[in-house]
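Q: I have a structure open in front of me and would like to learn how to read it. Could we go through a few features together?

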Amino acid sequence: MCLGLVLNLLGLFYVPVSYFLLPFEISISCLSWKLFLETQRWLYCFLFCLSGRRPSLSSQYRFRKRDKMMFYGRKIMRKVSILPNNLGGNNAVSRQRYKKRAKVLLLAKRILQFKKEYPTLEPKEPPPSLLEADLTEFDVKNSHLPSEVLYMLKNVRVLGHFEKPLFLELCKHMVFVPLPEGQYVFRPGELDNSIYVVQDGKLEVCIQENDGSELVLKEVLPGDSVHSLISILDFISGYIKPFKTVFAKAAIPSTVLRLPANAFQDVFEKYPETLVRVVQIIMVRLQRVTFLALHNYLGLTTELFNTVSRKIHPLHQFLLPNTIYFIILKPWNLIFFPSLLSLLILNVCALLKVRKSAIMSEVPSIRYTENISEETGTNWKMDALLRAAKKDLLTLMKLDDPSLLDDKVNCLHVPAGTLVSKQGDQDVNLRFVITGMLHVYQRNIDSEKETCLFIIHPGELVGQLAVLTGEPLTFTIKANKECYFLSISKFDFYEIMRQQPNVVLTVAHTFVRRMSSFVRQIDFALDWMEVEAGRAIYRQNDKSDCTYIVLSGRLRSVIKKDDGKKRLAAEYGRGDLIGVVETLTYQSRATTVHAIRDSELAKLPGGALNFIKRRYPQVVTRLIHLLGQKILGNLQQVGVSGHQHGVYFSSSKWDSGNPASNLSTVTIMPVSDDVPLLTFTLELEHALHDIGPALLLTSDNIRSHLGVGALDSVHEYRLSSWLGQQEDIHRIVLYQADTTLTPWTQRCFRQADCILIVGMGDQEPSVGELEKMLENTAVRAQKQLVLLHKEDGPDPSRTVEWLNMRSWCSGHLHLRCPHRVFSRKSPEKLMEMYERVFQKPPDIHSDFCRLARVLTGNAIALVLGGGGARGCSQVGLIRSLVETGIPVDMVGGTSIGSLMGALFAEERNYIQTRIRAKQWAIMTSVVKTVLDLTYPITSMFSGAAFNNGIRKVFKDKQIEDLWIPYFVITTDISASAMRVHTDGSLWRYVRASMTLSGYMPPLCDPKDGHLLMDGGYINNLPADVAKSMGAKVVIAIDVGSRDETDLTNYGDSLSGWWLLWKRWNPLATKVKVLNMAEIQSRLAYVSCVRQLEMVMKSDYCEYIRPPIDEYGTLDFGRFDEICEVGYQYGQNVFDIWANNGVLEKMMSDVQEIRKMNTGDVSLSVCCQILSCLLYSFQQGYICSLRN
């Protein structure tokens, strides 16, 4: 009451501040007016807290009254402690006052528990460029270019980055064609010799079925085009063909730009070097777009090729004209080549039979070639045969100068059963069959079987596609019978191509003519898109009319919630399928998808997909597999409330994915010049080689491979194509940026799926100049901070300062580096040293291998559940885990599991983890426990003794400073939600996760004041959280309570005195009743039982439960015994894993596992998909039955 009176008086009059500061002997004249007002304000709030009345200013802290008193007292102490030392001058009286003030400050700090406060991680939202598409689709109104030029530029871009003179030359041939509604742009019977671009209106590309019906393949909107690159290739090759079944008409009044194909011929005459580029791009498009979409995703094989060769004269069906002359006019040659006669007889007989496609089993992969031109005694005969075959090859390739083949052609002989080339080979030759046959096979997408696509007869070429594009071979070539053929290496063919560029037309045509009519029809519908970074391919709630396939680059899917906030749904890399579920189910787009970096996409319209389903009903099965994988992945991806920096949230309805998975490119940039960037990238490359083929690119080796001017703008397309090929043939490509903002550094940022910012952990936190430039650019790639530490250096510290200096980072890692990383040798000496290092396999337990697994989506997580003293068995399991050689890349835990996991994440070795865990288990004394008892309003104990015990274990360690990435689960009873903590005070959140209700009070989160309880109440085994944070495999150790049904039935009430008598009386019958700790543990287990069942059934989780049910929740005195039980059980489990291939699968690349499991879809999910898509698919089946 008196205090209230004082407050009332304080509201009317100014209280002399000197009265409250009397112990400090500081007069008000020595204080500044600002300090006076600030101190009076805090005193006003301080007295309000003492009175129990609410202050006028609404407080954002939700603490107890005594905590408020401590808080405001500390505020006053801070203001006083920063006062200058010479307040009263330099006389003796002033010095005496200063000494008194220092003593009072020290006493006040002890009373108010004024301790050093560590900086906390500042919550930062990701930059807008990360979640927003800031580029619109060709803003015609705001462009300085005419719309027709803009649209033509967009569509001709698929033929390469034409220089300005070439593009202007093409624009001269553009013609405007107005079209009323219903008028045909072209129809069957007309020549296919133009590219049509819609300027306004809408066109429909249709196909005419055998029964006369019409089916719309795709709708063409303004800015899009109608063309077939195969037809354009036929035209410039001189093989013009009319439309057979495809036609286009105006759906509404439209204006169309027409670019005739002869415009390209005029350009080729003026600029002959562009011919090779255009043909190569068309062939790359054919391989990467058409074959990828139709074979890899729809499962089509023989449907893509003509099964019968073109009509050839019967006598020349399998033997070449000059070879026949070689045999008939010189029959004695059959003495030296008896195989020619047998082949002649067999092949003539084969003309009477109809070739059928066959499925061949794998033949022995033994390559046997014999250069018959070097056989002794028959060289002159071989030379005659070689000259005769060369004449036929010159005629086929239309070479003007016969000398172009000199020293470039080898005549090879292979016996029957030889594997000539295997699918995926990089070094491919162009082969010209003389006698015999070569069979071309392709592996089925859902099995290891191979299907024969076609047969190469004498006079025909094979290997054209791989040689022209420079990409890996998409077929397997076998000689099922004895065969002679000419071989031209890829580099020799490039030399011929440089001397006579038009040879690419003939060679390309020999492959294109094998395409079936179905491929030509679909070629009008398939689009090859180049999407700039930041451009959206579709937006949320748009109409779903097509499916996209990522050929190269990376895209991000973002969902906009009802509250207007945007959340990351998924990221897509090379080979991923986007929007297929929405297209097949005719739903609106669930998310917005935009390009993170410059990307290439294949666009398959919904109409074309329906046409394929109607013509080839077996595609439906393949689509069910694709959808099943999509839905299974979504079911196993349990949403988490948020990621460590507020970016990764629960997935959208259909599309889900791990943002850190399927990375193709990683850019590495230093914070300062002190960072050993070269050795770091070499160490990382060495670690990545253990997962798959990796490539390190620097500005120096780019210039050595592609020339000094490779980074100039005029070579933009050449560099982009070469980099795209490297991404195709390597699991991951590392881009090492320069130390300054050079053109190569800018290219590295453009190519990056993820950017690693590398700094020295033992230096002062800083932001480099290059990084500051990066902050000012709209970089959409994820950024991760990597801090390097010496092997014998101190533990990580001040990580939060490194993170707070940056606008946003998706994560951070600490790497303990070997001494060679910090070597000061010259670059030449370093390369020599690492050549020896690369000869040895990397240590899978090293931090660089951990970084490699994180970047490739192969991280292994260890998750420890709650269960009281039974958690001591987790220490023994960690020992067996280490001895087995299983690496751990992430650690998480709940309750006692959070304690054991934090110790292992900090120490990284079993011995120290066990020592510290045992010290904590036996630390609690009876006296301290009794002294911690309090009046049981909130809890039985105040929690101070338990806090001191946890704090002695971890001291002031922050979660960010742990060696291994770590998270802890708590239950937020203020917001009724699960909390995932990945930053902040380690001991506080471990203590919060171990807070049993009724025993200790909830811990107040220092960030927002929310009350935190034991994480076991909401997620006792958080394997799903580890999966959502990037883990491929989660080793989950469960030590929770199990069901017990043999408890004593004590009736409707229970007396504690009766239980005490039963326990102390040796003659009394023993009863089995749960104590309070066991009841709390059971409650946690019951609330999480459904989540635990889902985790146990998931394919990513390896569930372990040691036999520790006989131990109680508080049996910490039996630490050694429980620990040994866990160790022995772990030894048995990991031995079984090793024998059953679990460890091998755990260490294999996630992409290889995905390929192996391509066809595995559960029956229940298939039934759900079939019921969902019944209407979509029934039309295709009915039409197939009618036909």
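A: Happily! Let's start with a helix: its expected span is 1.5 Å times one less than its number of residues. Keep in mind that this is a predicted model.

Q: What span should helix α11 have, and how far apart are its end C-alpha atoms?

A: Helix α11 covers residues 273-297, which makes 25 residues, so 36 Å is the expected span. Its end C-alpha atoms lie 35 Å apart, in agreement with that.

Q: Where does α11 bend?

A: The bend is at phenylalanine 291 and comes to about 45°. Just after α11, glycine 299 has a positive phi of about 75°.

Q: How many residues of α11 are buried?

A: Buried means under 20% relative accessible area. In α11, 22 of the 25 residues are buried, so the rest of the structure largely encloses this helix.

Q: Which residues does the "active site" annotation cover?

A: According to the unreviewed UniProt entry, Ser895 and Asp1014. They are spread over 120 residues of sequence, yet they cluster in space, with a largest C-alpha distance of 6.0 Å.

Q: Is serine 895 buried or exposed?

A: Its relative accessibility is 10%, so serine 895 counts as buried. This residue sits in the loop between β32 and α32. Beyond its neighbours within four places in sequence, its contacts are Gly866, Ser993, Met994 and Asp1014.

Q: And where does aspartate 1014 lie?

A: In strand β36, residues 1011-1014. Aspartate 1014 has a relative accessible area of 4% and is buried. Leaving out residues up to four places away in sequence, aspartate 1014 touches several residues, including Thr894, Ser895 and Thr971.

Key: Residues are numbered from 1 along each chain as its sequence is written. This is a predicted model: local features need pLDDT of at least 70, side-chain atom pairs count only at pLDDT 80 or more; totals for chains, interfaces and linings use all residues. Side-chain values use heavy atoms; hydrogens and water are left out. Helices (H or I, at least four residues) and strands (E, at least two) are DSSP runs, numbered from the N terminus. The bend at a residue is the angle between axes fitted to the seven residues ending there and the seven starting there. Buried means under 20% relative accessible area, exposed over 50%, partly exposed in between (1.4 Å probe, protein chains only). UniProt positions are given in the numbering used here, feature names are shortened, and annotations may be inferred rather than shown by experiment. Contact means heavy atoms within 4.5 Å.
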